Amino acid sequence: MTDFTNEELAKKIQHTNVNPELTKEDIIALCNDCLEYGFDGVMLQPAWITTAKEKLKGSEIKVCTALGYPMGGATTEAKVFEAKNVFELGADQLDFMANIGFLKGGMYTEYRQEIEQVVKAANGKVTKIMLEFGMLEHSEKVKAAELAIEAGITYVKNSSGWGKGGKATVDDIKLLKEIAGNKALVKASGGIRNREQAITLLNAGASLLGTSAGVAILTGEGSGSSDY
C-alpha cells in the first residue's frame, strides 16, 4: 500500500463544506484552511464562488462547486444554465448529479444526454458526476459509470455524500476505477473521516477525495462538519 506525506495527501483532498447555513465568515475560514494546509481545492455552494475566488487569488487552490444534489431532479435545461453560470462566476471545477430516475427507469439515452449537455456547457472545464451509489444496485452502478464516461465526464464519483448518496467504500472505488480505466478519473466522497480511510481509498483507485474532515485527516484531531 502506498503511503502519503501530509503534503501529498493534502493535494488529493478537496476541502468541503456545502452545508446550507454557512455564512461568508465560514467560507473565508474554509478557504483559510486550504491556504494553511495546501488542499487541492475548496468545495462550496455556488453562491460563494466569488468570495472564494477573491480569498484564494494568487494561490493554486481550485474553486470547486456542486449542483443538482441531493435530488438530481432539476430539468436538464436548468442544470445546463447553472453549469454555465458557475463557470462564468469563476469556478474551476463542477460536481453535479444527473437524474437518478432516468437511470433506474431504463431511460439511458436521457441519462447520458443530460450528462453530455452539462459537459458541453462546461466547455472544457473539469466535470465530476455524483453517481449516488447508495441508491443503486451493482448493475446500475456499472451502467451509470459507463454512461457517464461515454458522455465525456472527467471524473466519476461514488456519491455526493448527502441524502441517499451513500458513503465511499473500497469496493465501490475499485469498481469505478475498473470501469474508468484511462478514460476518466475517480473521486471518492462520503464519510471519509480519518487518514487511514483516506489512504485506503486512494490506494483503491481514487485520484481525489471530497471531505469536510480534511484538517482532521491531516492532524488527527476532530472531524468534519457533515458526511460530505
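# A walk through the salt bridges, strands and loops

Let's start with Lys-62, which is partly exposed, with a relative accessible area of 28%. This is a predicted model, and Lys-62 is a handy place to enter it. Who does Lys-62 form a salt bridge with? The partner is Asp-40, and the closest N and O atoms of the two are 2.6 Å apart. That makes the cut, because a salt bridge asks for a side-chain nitrogen of Lys or Arg within 4 Å of a carboxyl oxygen of Asp or Glu. As a general idea, side chains of opposite charge can pair when their charged atoms come close.

Now trace where the two ends sit. Asp-40 is in the loop between helix H2 (24-37) and strand E2 (41-44), while Lys-62 is in strand E3, so the pair links distant parts of the chain, 22 residues apart. Is Asp-40 buried or exposed? Asp-40 is buried, with a relative accessible area of 10%.

Next up is Lys-53, which forms a salt bridge with Asp-92; here the closest N and O atoms are 3.8 Å apart. Lys-53 lies in helix H3 (residues 49-55) and Asp-92 in the loop between H4 and strand E4 (93-96), so this pair ties together parts that are 39 residues apart in sequence. Both ends fall in the middle category for exposure: Lys-53 counts as partly exposed at 31% relative accessibility, and Asp-92 counts as partly exposed at 24%.

A third pair is Lys-128 and Asp-95, whose side chains meet in a salt bridge at 2.8 Å, N to O. This one goes from strand to strand: Lys-128 is in strand E5 and Asp-95 in strand E4, 33 residues apart, so distant parts of the chain are linked here too. And the story doesn't stop with two residues. Salt bridges that share partners join Asp-95, Lys-128, Lys-157 and Lys-187 into one network. Within that network, Lys-128 and Asp-95 are both buried. How many salt bridges does a search of the whole structure find? The count is nine.

What about the cysteines? A search of the whole structure finds zero disulfides. Take Cys-31: it is in no disulfide, and the nearest cysteine sulfur, that of Cys-34, is 6.0 Å away. Why don't Cys-34 and Cys-31 form a bond? Because their sulfurs, at 6.0 Å, are too far away for one; a disulfide needs the two sulfur atoms within 2.5 Å. Both residues are tucked out of reach of the probe: Cys-31 is buried, with a relative accessible area of 0%, and Cys-34 is buried with a value of 0% as well.

Now find strand E8, residues 208-211. Leu-208 and Gly-210 point one way from E8, Leu-209 and Thr-211 point the other way, and all of them are buried. Look at the neighbours of E8. Three bridges join E8 to strand E1 (residues 13-16), and the two strands run parallel; there, Ile-13 has Leu-209 as its bridge partner. Three bridges also join E8 to strand E7 (residues 185-189), again running parallel, and in that pairing Ser-189 has Gly-210 as its bridge partner. To see how the chain gets from E7 to E8, follow helix H9 (residues 195-204): E7, H9 and E8 make a right-handed β-α-β unit.

Let's finish with some backbone details in the loops. The peptide bond from Tyr-69 to Pro-70 is cis, with omega near 0°, and Pro-70 is found in the loop between strand E3 (62-67) and helix H4 (76-88). Further along the chain, Asn-123 has a positive phi of about 55° although it is not a glycine. Asn-123 sits in the loop between helix H6 (108-122) and strand E5 (126-130). Glu-132 also has a positive phi of about 55° without being a glycine, and you'll find Glu-132 in the loop between E5 and helix H7 (138-150).

Of Asn-123 and Glu-132, which is exposed and which is buried? Asn-123 is exposed, with a relative accessible area of 67%, whereas Glu-132 is buried, with a relative accessible area of 0%.

Technical notes. Residues numbered from 1 in each chain as written. Predicted model: local features only at pLDDT ≥ 70, side-chain atom pairs only at ≥ 80, totals over all residues. Heavy atoms only, no water. Helix = DSSP H or I, 4+ residues; strand = E, 2+ residues; numbered from the N terminus. Buried < 20%, exposed > 50% of the residue type's maximum accessible area, 1.4 Å probe, protein only. Pairing = 2+ DSSP bridges. Right-handed = clockwise from strand over helix to strand, strands pointing away.
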